[in-house]
Structure formats: structure tokens, C-alpha cells
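Here's a quick tour of the charged pairs in this one. Have a look at the sequence and the fold before reading on.

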Amino acid sequence: MDNEKELSKRRNTIRFIEAAQELIEEEGLENISIRKIADKAGFHNSTIYLYFEDVDELILLASLKYFNEYSKALSELSKKKLPPREHFLSIWTFFAQTVFQRPSIFYNFFFGKHRNNLTKIIMQYYDLFPQEKADYSPEIKDMYYGKTISERCMEVLVPLAKEYPHIKISDLDIINDVTVGYVKYLLEQKCQDPGLSSSILTGRLLKMLEYILRIQGDVPPEKTIR
């Protein structure tokens, strides 16, 4: 009986997430409501709270569908042995190319109500949708499952600092704060003006990262990611 209850709960949880995903595609994130999700899933509004803390948690779980291309790119990157700086910029390139395509979704994911508990959300989603889960190198896995965007950024910054002594360890928190703040700013700009070029915004983010690395000292002449 307990197994049947667990299976039923799992099926209903998945149905709610899929209903939310369908509504995001059909109406956009800003037009989603508890009533609409429940109606599409075939349940009463109040039933949502049997499976999720709140509608914000449900929307975050539904949002992870849009990580698929980014996840695949990171999985492929995990198989390569790139120089540290190129590896660092490649991760950021894949990230930027993903988030600027769906700015409202990713702004809500990384800077919304549940921004400090992303690991739980990510792990729960891949438990429900294991077919979407990718394999990563240990370093990329630690970043991908980071609890906050700040933690995720730091996970890719620290290895670069260890490789290049000119990057001051004492400045990592400042570099990380500036990076997270600039990501937030660019996402806000894209949310306010969807017509802004995603490729231009990606280029701006990468130039900022390269600039920060340069002012830390002489940057080794590796290939620049554009």
C-alpha cells in the first residue's frame, strides 16, 4: 500500500510539473497561476500544496526543462581537457547562451524566492526525470548542483585561481560578487527589453569576465572565447 501511495504521489508530482511546463510554453511564465496549473493537471487548486511547498517551487522544477541544452553542453565539455582559462570561459559561454534565451525563467530561477536552495530543486527534478540527467566531471558536477548562483560561480572560479597565481585568492569573493551582480543586471536588461540581442549580451558578459581576469595580472595568451 505504501508503495502504491508513493507511486501515485510521484505520478501526480510529475503531472503538475509537466502541466506547468506546458503553460510556460503556451502563455509565458508571467501568466502562470495556481488555478491554471491545477486545471491543466486535472486537480483542485489546493492539491498543489500536497506535493510542493508553494507554486514558486513548482515553477522552478518546471524551469529545469530549459537547462537541457546547457546540461548537454557541459556533459560534452566534461570529456575534454581544455586549458583552465578556456574551460572557464566555455562554461560561461554555454551558461550565457542558455539564460539569455529565456531571461524571465532564469532570472526567477537564480534570483527568485528559492534562490538559496537550488541543489534541492535540481536533485528532485532529476529524480523525477532521470532521462534528462547528464554525466559531468567532478568539477562541473559540483558547479551544476550548487546551492546558489554565487556558489556555482565560485566553483568554476577557484580552479582557475589555483592554476594561475596572478589571480589573487584574497580577491575571489569580490570577483564572484561582481560576476553575479553583472549576470543579474544583464538578465534584468533582457527581461525589460526582450529585443536585446542574446549574442551581444553573451559577448558583454564574457568581456567583463576577461577584463576582471586581466586586471588581476598578466593573463596567459590562451584562445579567447567569443
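## Salt bridges in the model

R15, E22, E26 and K40 are joined up in a network of salt bridges (a salt bridge being a side-chain nitrogen of Lys or Arg within 4 Å of a carboxyl oxygen of Asp or Glu). Across the whole structure, the search turns up 13 salt bridges. Keep in mind that this is a predicted model, where local features need pLDDT of at least 70 and side-chain atom pairs count only at pLDDT 80 or more, while totals for chains, interfaces and linings use all residues. Residues are numbered from 1 along each chain as its sequence is written, and side-chain values use heavy atoms, with hydrogens and water left out.

Three of the pairs are listed here, with the N to O distance:

| Pair | Distance |
|---|---|
| E22 and R15 | 3.4 Å |
| E26 and K40 | 3.4 Å |
| D56 and K113 | 3.9 Å |

Take E26 and K40: E26 sits in helix α1 (residues 2-27) and K40 in helix α2 (residues 34-41), so their salt bridge ties together parts 14 residues apart in sequence. Helices here are DSSP runs (H or I, at least four residues), numbered from the N terminus.

D56 and K113 span 57 residues in sequence, with D56 in helix α3 (residues 55-63) and K113 in the loop between α6 (103-111) and α7 (118-128).

How exposed are these side chains? Buried means under 20% relative accessible area, exposed over 50%, and partly exposed in between (1.4 Å probe, protein chains only). E22 is partly exposed at 31%, and R15 is partly exposed at 24%. E26 is exposed at 51%, whereas K40 is partly exposed at 28%. D56 is partly exposed at 28%, while K113 is exposed at 54%.

Technical notes: Helices (H or I, at least four residues) and strands (E, at least two) are DSSP runs, numbered from the N terminus.
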